[in-house]
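Work through these exercises with the chain on screen. Try each task before reading its solution.

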Amino acid sequence: MSEARAVLKGLTDRARQAGRSLARAKTAVRNEALRAAAAALRSRSEQIVLANRQDLDGLSADRTVAFRDRLTLTPQRVEAMAKGLEDVAALPDPVGRVLAEWDRPNGLHFRRVAVPIGVIGMIYESRPNVGADAAALCIKSGNAVILRGGRESLHSARAIQDAMAQGLEEAGLDPACVQILPSADRALVGAMLQAADGIDLIIPRGGKALVERVQQEARVPVLAHADGLNHTYVHASADFGMARKVLLDAKMRRTGICGATETLLIDRAMAPELLPLLIADLSAKGCTFRADDAARAIVPSLPVAKAEDFDTEWLDSILSIAVVDGVESALSHIARHGSRHTEAIIAEDAQAAADFLNGTDSAVVLWNASTQFCDGGEFGFGAEIGIATGRMHARGPVGLEQLTCYRYEVTGNGQVRG
């Protein structure tokens with residue numbers, strides 16, 4: 001057995017044992033662990049920010065402003081993590097829910113009951129708060145989790161995991177319920193992906209290269225998402241004021257998150273009047289553009305879009321722009337270039353909105369709202385462990401319910417098949 005596999009087996013063995021006790025723990029105990037972990041995050045806020053500073057100081061000079069923003073922790077962001085843990089603690093317990101029940105003619109009573117998945121492997125990149133969100137959701141849903149943060153966020157991720165372990169210990173639970181890989185060695189990631197006997201589900205959260213590697217190499221089931229190549233389509237019936245407000249938020253609120261709009265689709269019928277206003281709003285906030293010929297005919301100063309620009313998740317203050325001819329044209333563009341993550345339409349015409357919502361193939365679709373609402377907290381999930389864009393098990397923000405599977409409980413009074 002290689003050294004990486006031996007290290008990983010030690011982690012998964014401890015996680016499996018700890019997870020069994022966590023799955024049996026009462027709701028109040030799991031909630032207390034989350035509240036204690038939130039208190040630990042607050043008490044360790046200065047240490048966490050200092051650890052984060054080590055990560056930031058270690059970044060190469062070519063890292064973008066958006067990347068640095070995703071990595072950065074401030075006292076306010078640590079407080080938001082702590083509040084997120086408390087929000088998860090306040091949610092209903094997903095474990096033990098009776099999903100269905102029925103009786104058979106022979107007198108047997110059947111129940112389908114929600115249970116934890118088991119051991120989750122969470123691989124994420126530069127956003128250290130993901131570790132806290134993932135750990136909180138796993139504790140609440142009775143799952144043990146093994147975290148692997150990005151190389152750039154290693155000090156931050158360890159400091160956060162220490163706080164989570166403290167919360168578990170204070171609640172009388174095994175701190176091995178939340179573990180982290182001991183180093184950024186890529187061989188350990190490979191061992192995670194091959195650990196079919198120790199990990200029940202892998203969740204990658206990061207860039208396209210990470211997700212593709214996980215999907216290609218994993219022998220463990222994967223709950224994956226594509227990149228967030230999201231579109232906001234401004235229909236001819238859109239209210240101009242609403243379109244300006246929503247697009248500005250969808251693109252510029254936080255440019256480095258997967259829910260940010262990367263492409264504006266604007267209807268040809270109203271583009272001459274509205275597009276210059278949208279460009280002025282976004283330019284004032286530091287946005288730059290890549291535009292097709294039709295958009296440049298309206299605003300000649302716009303830079304030319306290359307073909308690959310419409311297939312690019314910018315995660316930065318850059319917006320691709322295309323002019324389209326109605327709903328079907330917008331849907332056709334999204335089908336060619338989208339990643340099935342999140343799409344939005346701004347429209348007063350209810351039928352056009354319905355046609356758009358029903359015609360997209362994405363996990364989340366919005367009408368008259370910013371794509372940045374694609375977030376577990378905004379959905380009322382307390383937090384999210386990722387955004388799933390596949391078609392199996394879960395789609396969209398993955399919260400507590402999606403971190404359970406089920407078993408069948410059958411009760412009889414002596415029946416035999418004979």
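The exercises below concern a predicted model.

**Exercise 1. Find the order and the pairing sense of the open sheet of three strands.**

Step 1. Trace the sheet from one side to the other. The order is E1-E2-E15.

Step 2. Check the directions. The pairing is antiparallel.

Step 3. Identify the edges. Strand E1 (98-103) and strand E15 (404-411) each pair on one side only.

Step 4. Look at the turn between neighbours. Ignoring direction, neighbouring strands of this sheet are turned by 20° against each other on average.

Step 5. Go down to the bridges. E1 and strand E2 (residues 109-116) run antiparallel and are joined by five bridges. Take Val98 as an example: Val113 in E2 is its bridge partner.

**Exercise 2. Work out which strands stand at the edges of the open sheet E5-E4-E3-E6, and why one side of each is left without a neighbour.**

Step 1. Establish the pairing. Four strands form this sheet, and they pair in parallel.

Step 2. Pick out the strands with a single partner. They are strand E5 (178-180) and strand E6 (201-205), so each has one side without a neighbour in the sheet.

Step 3. Recall what pairing involves. Strands of a sheet pair through backbone hydrogen bonds, in either a parallel or an antiparallel sense.

Step 4. Inspect one pair. Three bridges link strand E4 (residues 144-148) and E5 in the parallel sense. One residue to check is Leu147, whose bridge partner in E5 is Ile180.

Step 5. Add the helices. Helix H6 (residues 129-140) packs on the sheet and touches strand E3 (119-124), E4, E5 and E6. The direction of H6 makes about 165° with that of E3. Helix H8 (residues 186-194) lies across E3, E4 and E6. H8 runs at about 140° to E3.

**Exercise 3. Describe the interface of domain 1 and domain 2: how many salt bridges does the rule find across it?**

Step 1. Set the bounds. The domain assignment gives domain 1 as 3-224 + 398-411 and domain 2 as 230-378.

Step 2. Place the domains. Taken over C-alpha atoms, their centres are separated by 33 Å.

Step 3. Count the contacts. Six residues of domain 1 are in contact with six residues of domain 2.

Step 4. Size the interface. The buried area is about 490 Å², and carbon and sulfur atoms give 39% of it. Ala66, Arg70 and Arg127 supply 65% of the area that domain 1 buries against domain 2, more than any other three residues.

Step 5. Search for charged and polar pairs. The rule finds one salt bridge across the interface. It also finds two residue pairs in polar contact there.

Step 6. Ask which helix contributes. Helix H4 (residues 65-71) gives the most to the side of domain 1 that touches domain 2, with three residues.

**Exercise 4. Compare two salt bridges, and explain how Lys83 and Asp87 are placed along helix H5.**

Step 1. Start from the principle. Side chains of opposite charge can pair when their charged atoms come close.

Step 2. Take the total. By the rule used here, the count is 20 salt bridges.

Step 3. Read the N to O distances. Lys83 and Asp87 meet through their side chains at 2.8 Å. Asp69 and Arg254 form a salt bridge with their closest N and O atoms 3.3 Å apart.

Step 4. Count along the helix. Lys83 and Asp87 are four residues apart in helix H5 (residues 75-89), so about one helical turn separates them.

Methods
Residues numbered from 1 in each chain as written. Predicted model: local features only at pLDDT ≥ 70, side-chain atom pairs only at ≥ 80, totals over all residues. Heavy atoms only, no water. Pairing = 2+ DSSP bridges. Axes fitted to C-alpha atoms, helices over the stretch in contact; angles between N-to-C directions. Domains from an automatic or database assignment. Contact = heavy atoms within 4.5 Å. Buried area = accessible area lost by both parts, 1.4 Å probe. Salt bridge = Lys/Arg side-chain N within 4 Å of Asp/Glu carboxyl O. Polar contact = N/O pair within 3.5 Å; in protein donor to acceptor, adjacent residues only side chain to side chain.
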